[in-house]
Amino acid sequence: MKKILVRVLGAIGALVLLAVVGVVVKFYVLSPKSRAAQAVTAPSTPEAIARGKYLVNNVAACIGCHSPVQEDKPGDPPVEGKIAAGRDFGDWGPEVPFRLRAPNLTPDKETGIGAMTDGEVLRAMREGIGRDGRALFPQMPYLTYAKTLNDDDALAIVAYLRTLPPIKNDPGRTEIKFPVSMFIRGVPQPLDAPPPPSPAPTEKLARGKWLLDVCSCHDCHDSVDSHMQKLPGKALAGGMKFPLANGKGVAVAPNITSDKATGIGAYSDDDLRRVFDEGKGKSGRFLYVMPWSYYGAMTKDDKEALIAALRLAAPVGNAVAPSEIK
Ligand code: HEC
Ligand code: HEC
């Protein structure tokens, strides 16, 4: 009897050991999956720089995450003189196992991307590998950019970033608690094929769908649980909470699916235009956290395409408590 027990326990012990070794190998030896940065050079033509400027400031809104912003002002405008100089997102409370810091994207050699090659910036943007080879936290939307930014768009972005005035500023390093820090290592993926070109403004619906992705609308408007995990079947159904700086209250991302009762199904196109043109919700109040101050300068065609695509988001009934702004 005793012998059998010892053997069984031994077998279980061996299995546990094997599982632990498996996990260590998967996440610490085989991850993060990465390849050498490509030997590419960003163009320096005025056209490429202008295209990158539009994508960085008004579409992907990289600036909104990579600059210190005035969180107590509607639209999250960047702090003057600190554009693209990096952002510390601060402490989101004990339930959230990470503190994010988006690095400085200005060409400063020590604290910015000045010492990174164009290929390294490209790899960080779409394959999630930072300058030091580490896996980037996927709040940096590299999984989205891997599908939406082809080489021309991505290199135009690098071209524009290289023209920004260099600012010396180090927002510090992202901190992630175990085991989240381990799982994050499994997220990056090298690109196996370059993403398709972005749809032209004349292809209205395809362009609108692309904008809905590349603008990261999902990252704030999808419903999540208390650990920030997305809930299945609740795309764009709202509910994510954003505490505002200086005790100004809490902004809650609304349901922006086409559900008539709880979403934007009953909004007119003008109601939606006002969000992007003036930064005001249907109630007429200025919107906080929602990056309208960036999207606002999109071309009219792009805003119309975005609204048309938003109208097609499958309706999800989900009543969200309103924001409480003081
Ligand atoms: C939703 C917020 C958000 C948006 C939008 C965003 N980023 Fe980031 N980015 C981050 C965060 C946070 C990190 C750091 C992640 C970490 O430390 O693990 C990061 C990391 C990076 C890095 C890595 C730099 C290094 O030091 O290795 C680059 C490059 C970068 N982002 C470029 C961009 C560009 C270009 C865009 C727009 C096309 C963009 N990001 C949009 C949040 C964002
Ligand atoms: C950084 C997070 C964030 C991102 C990214 C974001 N939103 Fe929002 N959005 C919010 C929050 C929070 C509110 C509510 C703000 C308030 O109540 O003051 C909001 C409000 C809105 C409203 C207003 C609804 C009303 O009350 O009238 C619409 C429409 C909307 N967002 C659509 C979008 C679309 C489309 C995108 C992508 C192009 C997007 N949002 C990207 C956070 C975000």
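**Exercise 1. What arrangement do the six donor atoms around the iron atom of ligand 1 make?**

Find the protein donors, look at the angles, and then place the donors in the chain.

*Solution.* Keep in mind that this is a predicted model.

Step 1: Look for the protein atoms that hold the iron atom of ligand 1. They are NE2 of His-66 and SD of Met-140, lying 2.0 to 2.1 Å from the iron.

Step 2: Turn to the angles. The six donor atoms subtend angles of 86 to 179 degrees at the iron, and this makes the arrangement octahedral. The cut-off you need here is that opposite donors must be over 155 degrees apart and all others between 65 and 115.

Step 3: Place the two protein donors. His-66 belongs to helix H3, while Met-140 sits in the loop between H4 and helix H5 (142-148), so the pair ties together parts that are 74 residues apart in sequence.

Step 4: Check the surroundings of His-66. Its relative accessibility is 8%, and buried means under 20%, so His-66 counts as buried.

**Exercise 2. Describe the shell of residues around ligand 1.**

*Solution.* Step 1: Start with the count. Ligand 1 is surrounded by 23 residues, and the closest are Cys-62, Cys-65, His-66, Arg-131 and Met-140.

Step 2: Sort the shell by character. It holds 16 nonpolar, four polar and three charged residues.

Step 3: Ask where the shell residues come from. At least two are supplied by each of helix H3 (62-66), strand S3 (101-102), helix H4 (118-127) and helix H6 (151-161). H3 gives the most, with three residues.

Step 4: Pick out atom pairs to view on screen. A polar side-chain atom of Arg-131 is 2.6 Å from an oxygen atom of the ligand. For Phe-137, a backbone N or O atom lies 2.8 Å from a ligand oxygen. A polar side-chain atom of His-66 is 2.8 Å from a nitrogen atom of the ligand.

**Exercise 3. In what order do the three strands of the open sheet stand, and which strands are at the edges?**

*Solution.* Step 1: Read the order. The three strands run S5-S6-S7, with antiparallel pairing.

Step 2: Find the edges. Strand S5 (241-243) and strand S7 (324-325) each have a single partner strand, so one side of each is left without a neighbour in the sheet.

Step 3: Zoom in on one pair. S5 and strand S6 (residues 249-252) are joined in the antiparallel sense by three bridges. Here Lys-241 stands opposite Val-252 in S6.

**Exercise 4. Locate two cis peptide bonds and two non-glycine residues with positive phi.**

*Solution.* Step 1: Recall the usual picture. Most residues other than glycine have a negative phi, and most peptide bonds are trans.

Step 2: Inspect the prolines. The bond from Ser-31 to Pro-32 is cis, with omega near -10 degrees; Pro-32 is found in the loop between helix H1 (2-29) and helix H2 (46-59). The bond from Phe-178 to Pro-179 is also cis, with omega near 5 degrees, and Pro-179 lies in the loop between strand S4 (175-176) and helix H7 (180-184).

Step 3: Inspect phi. Ala-61 has a positive phi near 50 degrees and sits in the loop between H2 and H3. For Ser-216, phi is about 65 degrees, and its loop joins helix H8 (204-214) and helix H9 (217-221).

Step 4: Are these two residues buried or exposed? Ala-61 has a relative accessible area of 8%, so Ala-61 is buried. Ser-216 is buried too, at 13%.

Terms used
Residues are numbered from 1 along each chain as its sequence is written. Chains are lettered from A and ligands numbered from 1 in the order in which they are written. This is a predicted model: local features need pLDDT of at least 70, side-chain atom pairs count only at pLDDT 80 or more; totals for chains, interfaces and linings use all residues. Side-chain values use heavy atoms; hydrogens and water are left out. A residue is near a molecule or strand if one of its heavy atoms lies within 4 Å of it. A polar contact is a pair of N or O atoms within 3.5 Å; within protein, one must be able to donate a hydrogen and the other to accept it, and residues adjacent in sequence count only if both atoms are side-chain atoms. Helices (H or I, at least four residues) and strands (E, at least two) are DSSP runs, numbered from the N terminus. Ala, Val, Leu, Ile, Met, Phe, Trp, Tyr, Cys and Pro count as nonpolar, Asp, Glu, Lys and Arg as charged, and the others, Gly among them, as polar. Donors are N, O and S atoms within 2.8 Å of the metal (3.2 Å for Na, K and Ca); water is not among the atoms, so sites may look incomplete. Four donors count as tetrahedral if all angles lie between 85 and 135 degrees; four count as square planar and six as octahedral if opposite donors are over 155 degrees apart and all others between 65 and 115; anything else is irregular. Buried means under 20% relative accessible area, exposed over 50%, partly exposed in between (1.4 Å probe, protein chains only). Two strands pair if DSSP finds at least two bridges between them.
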